[in-house]
Structures are given as C-alpha cells and as structure tokens.
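This briefing introduces a structure to a reader who has not met it before. Please view the sequence and the model before reading the points beneath them.

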Amino acid sequence: MKILVTGGLGYIGANTVIALAEAGYEAIILDNLSNSRMAVLGDIEGILDREVPFYKGDLLDEKFLEGVFNKEHPDGVVHFAGLKAVGESVALPLKYFENNVAGTLNLLKVMKAFEVYRVVFSSSATVYDPQNPPPFTEDMPLGPTNPYGDSKWMVEGILRRLSETHDPWAIGILRYFNPLGAHESGLLGEDPRGIPNNLMPYITRVAKGELKFLRIFGSDYDTMDGTGVRDYIHVADLARGHLMALTALSRGRGLGIYNLGTGRGHSVLEVVRTFERVNAVKIPYEYHSRRPGDVAVSFADTSKAAKALGFKASISLETMCRDAWRYEKTKK
Ligand SMILES: NC(=O)c1ccc[n+]([C@@H]2O[C@H](COP(=O)([O-])OP(=O)(O)OC[C@H]3O[C@@H](n4cnc5c(N)ncnc54)[C@H](O)[C@@H]3O)[C@@H](O)[C@H]2O)c1
C-alpha cells in the first residue's frame, strides 16, 4: 500500500516513514522544508538502505498537490505537515490558520478529487479544555487556549463533518501528548530552529553548552515538586501508533479519535533528573513564572487506543532521554 506522508521530513513524520517502510508500506514524502532539512531525506534513506520518493512543495499549492497525486496515486495519507510553535501562533494567528487549516483543506480537496479517502491526522492534546481533570479521555470537552490548538480543533471539525458525508472516508485523528527521543540510530530527532519551545531540545542544548540554563516555567503548581507534569511518549512508540491507526482504517469507513500517550505523567524536574542520571551530564536550570495557558498536569487516558487499535506505548523515559542526547551529540 502506498502512503503519502505530508511533513515527512519533520521530526515525527521522518520516524513514521521508517516505521511505515519497515512494515511493508511504500512511503512517499511531501514537505516544503519550512521546518526541516534536506539532509533528513539522506538519513531516512541511509536507515532504510533504499531511496524514498520526495516531493518538495507546499500544501497551499493545490496544483503541486494534484501533480503529486497524479504521479503517485497514493492509497492513503498520513498528514503531519503543519506549523507547531504555540508562542509563534499567538503572535501570528493568520499564518497558523492559513498553513494548518487552509493547507489541510487543499489536501482534502485533492484527496477527494483523486478518490483517496483514507487519512490519519496529527492532532494534539492541546485541543482539550485545560479545565478537564486529567487523565484526558477522547470524549472530554475541547477548548484550545491558543491559535495553534484552534487550528487542530478546526481541522478535527472539518474531518468530523467529512466523515458524515456519503463519501467513504476512513479517518484517524491522533491526539499526541508530548513526543520525545529520536530514532535508535541517533538520527531523526527534534531539531527546532532558534530557541526551542519544547522541553527536550532545550535540555539537550543546555547539555551541549549552547544554552546556559534550562528555563522552567512555573515552580508553584500543585504537583509533587511544583513543576508542570506532562505525558512524554517516545517518538518510535508514536510512529508505531500510526501503523496501528492505518490498520484500523483499512477495516472500513468512519472516524476514530485516539490519544497517543503513555498514560503516565512526569514532572519537568523528573525529566531533568532522569536526563542527568542516564547521560551523566549536569543541567543547570532557573525558575521563571508560569506561562499563560499552561496547565499544571496533562496526561492521557490511553484505554481507547489500547482497546480499538491495540496500541500501548512501551519505551521508558530513560530511553527517551538517552536517545535525545545521542541525537543532539551526533547532529550534523
Ligand atoms: N512535536 C510535538 O510536540 C507535537 C505534539 C502534538 C502534535 N504535533 C503535530 O504533529 C505534526 C508533526 O510534528 P513535528 O514535531 O514532526 O513537527 P515538524 O515541524 O518537525 O514537522 C512538520 C513538517 O511539516 C512541514 N510543513 C509545514 N507546513 C507545510 C506545508 N504547508 N506544506 C508542506 N510541508 C509543510 C515542515 O517543513 C516540517 O518538516 C504537526 O502537525 C504537529 O502540529 C506535534
């Protein structure tokens, strides 16, 4: 089966391309390189020891998308391409709505035109209303607190409505919690441009000496040590979740929404201590005030994904920390 992977040179996309290819799918990558590098394609091909078709272009360019579908005729799409920096989305909401919502609309229009009705979409735990008590279940009220989260929520709504039409859409919406780690080869890690937003790239840059201190936002939350608690999931587990979602889609039409997390929360300090212990490096940190919109505790209820997809994350926080550091140290 041929799967088009949008955003396939990005962090989660690249790891999923590996999982897809290893499971016997034929993966085709589409990416505009707005947040990734061409070198990642070489890394993917090196790991797989074969060439992977790549199309450089933008979801906002409908003609380009038609060209890719005309040439490749994929059987399904795993749709990662999107902008993901929460802070930037607050400053530039139109950029986020255009890229993430209008870009997805173009993709869905072209899919329909080519009668490709199978799609897995990267959503996020940020769609949940932060007032919900954790663990978050898929049927809890939604209420994103920033334009990035809104863009995911809007696309979820579009997909839900599509699934109610007469077309035979088979749609999987995956709400990721907090992906960490890298491919076991030491390649395909998270490499954001500029000052990282996410915790782990920040930690690894402090470990490398590129940044002086880790900034921890909030030390007075009602948690075991006062720092925020999140559900960290290894990117290889996350990639495997996509295979299981694709298998579920092949059973027929409809819409399924699933959390992908471990079901367990770790505090920021716990991640820092684990990173220091397994990698024998020191991470100096300083406390800053809470960031607006951040919640104290967020973790997934994973029972639906376990029951419906057979998915269970199995890779430990220790391995996430080791893999992230190996990636950062060897990064070109
Ligand atoms: N990493 C996380 O913490 C996280 C958590 C929840 C959800 N997600 C979602 O998962 C998806 C993948 O995340 P990631 O961490 O791999 O991000 P990433 O930035 O590493 O990958 C996204 C890729 O999409 C490409 N892209 C962006 N806009 C595009 C466009 N208009 N046309 C073509 N390509 C485009 C980028 O160049 C990049 O390679 C995103 O949709 C993100 O919102 C990520």
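The points below concern the nonpolar core and one strand with its neighbours.

The model is predicted: local features need pLDDT of at least 70, side-chain atom pairs count only at pLDDT 80 or more, and totals for chains, interfaces and linings use all residues. Residues are numbered from 1 along each chain as its sequence is written.

**Nonpolar core**
- The largest nonpolar core (buried Ala, Val, Leu, Ile, Met, Phe, Trp, Tyr and Cys residues joined through C-beta atoms within 7 Å) has 90 residues, and V5 and I203 have the most contacts inside it.
- Helix 8 (residues 235-249) supplies the largest share of this core, with nine residues; helices (H or I, at least four residues) and strands (E, at least two) are DSSP runs numbered from the N terminus.
- Neighbours within four places in sequence aside, I203 is in contact (C-beta atoms, placed from the backbone, within 7 Å) with L214, V272, F275 and I283.

**Strand 5**
- Seven of the seven residues of strand 5 (residues 118-124) are buried (20 or more other C-beta atoms within 10 Å of their own, C-beta atoms being placed from the backbone), so the strand is largely enclosed by the rest of the structure.
- R118, V120, S122 and S124 point one way from strand 5, whereas V119, F121 and S123 point the other way.
- In a regular strand the side chains alternate between the two faces of the sheet.

**Strand pairing**
- Strand 5 pairs (at least two DSSP bridges) in the parallel sense with strand 4 (residues 76-79) over three bridges, and V77 stands opposite V119.
- Strand 5 also pairs in the parallel sense with strand 6 (residues 170-176), over seven bridges, and R118 stands opposite A170.
- From strand 5 the chain crosses through helix 6 (residues 147-163) to strand 6 in a right-handed β-α-β crossover, meaning that, with the strands pointing away from the viewer, the path from the first strand over the helix to the second runs clockwise.

Methods:
A residue is buried if 20 or more other C-beta atoms lie within 10 Å of its own, exposed if 12 or fewer, and partly exposed in between; C-beta atoms are placed from the backbone. Two residues are in contact if their C-beta atoms, placed from the backbone, lie within 7 Å.
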